[in-house]
Amino acid sequence: MDINLSRAQYSEMYKEASHGTKWWVTIPKAFLFGGLICVIGQSLMDMYLYLGLSKDNASMSVSITLIFLSALLTGLGWYDRIAKHAGAGTLVPITGFANSVAAPALEFKTEGYILGLGAKIFICLLYTSPSPRDRSLSR
């Protein structure tokens, strides 16, 4: 392949390699799916409050539930199918965090459950946790 391309040649290669995004479809879909995740979270919050949990415990329970459901859907291979249609709508809420932790861990499953899966989840959580040296974020 010739590295010295003219502007016209590069433009032609770009047009052949990329497909046009229908932003008028993808943006509303991302908005709707992201909103649906938020509605599910609010419904869980209302349910936990109705069951008698305090506001702090209900908030924590919602986060744990959404993370668990996202990790479960990632493990079953359904999260990627949903994200294919929802786009950025699945990346913004807490579900995107759970997917970003679970997906790489599943890739290392072939190395074993302890050294592969467990180690990768630990590494992902380690990089996303606040530093113990930062006293303003840790207790």
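User: Hi! Which residues does T90 touch, not counting those up to four places away in sequence?
Analyst: Hello! In this predicted model, T90 touches I37, Y79, I82, A83, T95 and G96, with residues up to four places away in sequence left out.

User: Nice. Where is T90 found?
Analyst: T90 is found in the loop between α4 and α5, the latter spanning 94-107.

User: And is T90 buried or exposed?
Analyst: T90 has a relative accessible area of 2%, so T90 counts as buried.

User: What lies 3.1 Å from a polar atom of the T90 side chain?
Analyst: That would be the backbone oxygen of G87.

User: Cool, let's switch to pockets. How much space lies in the largest pocket?
Analyst: About 250 Å³. Its lining has 13 residues, and I37, I40, L73, I82 and T95 lie nearest the centre. Three elements each give two or more residues to that lining: α2 (23-50), α3 (55-76) and α4 (78-86).

User: I37, I82 and T95 came up earlier, right?
Analyst: Indeed, T90 touches I37, I82 and T95, and those residues are among the ones nearest the centre of the largest pocket.

User: What classes of residue make up the lining of the largest pocket?
Analyst: The lining has 10 nonpolar and three polar residues, with no charged ones.

User: How about the second largest pocket, how much space lies there?
Analyst: About 150 Å³. Of the 14 residues lining the second largest pocket, T21, T26, K29, K84 and H85 are the closest to its centre. Here α2 and α4 are the elements that give two or more residues.

User: And the classes in that second lining?
Analyst: Five nonpolar, six polar and three charged residues line the second largest pocket.

How values were computed. Residues are numbered from 1 along each chain as its sequence is written. This is a predicted model: local features need pLDDT of at least 70, side-chain atom pairs count only at pLDDT 80 or more; totals for chains, interfaces and linings use all residues. Side-chain values use heavy atoms; hydrogens and water are left out. On a 1 Å grid over the protein atoms alone, a cavity is a set of points where a 1.4 Å probe fits but cannot get out, and a pocket is an open set with protein on both sides within 12 Å along at least five of seven lines; lining residues have an atom within 4 Å of a point. Grid points are joined across faces, edges and corners, and a volume is the space filled by probe spheres set on the points. Helices (H or I, at least four residues) and strands (E, at least two) are DSSP runs, numbered from the N terminus. Ala, Val, Leu, Ile, Met, Phe, Trp, Tyr, Cys and Pro count as nonpolar, Asp, Glu, Lys and Arg as charged, and the others, Gly among them, as polar. Buried means under 20% relative accessible area, exposed over 50%, partly exposed in between (1.4 Å probe, protein chains only). A polar contact is a pair of N or O atoms within 3.5 Å; within protein, one must be able to donate a hydrogen and the other to accept it, and residues adjacent in sequence count only if both atoms are side-chain atoms. Contact means heavy atoms within 4.5 Å.
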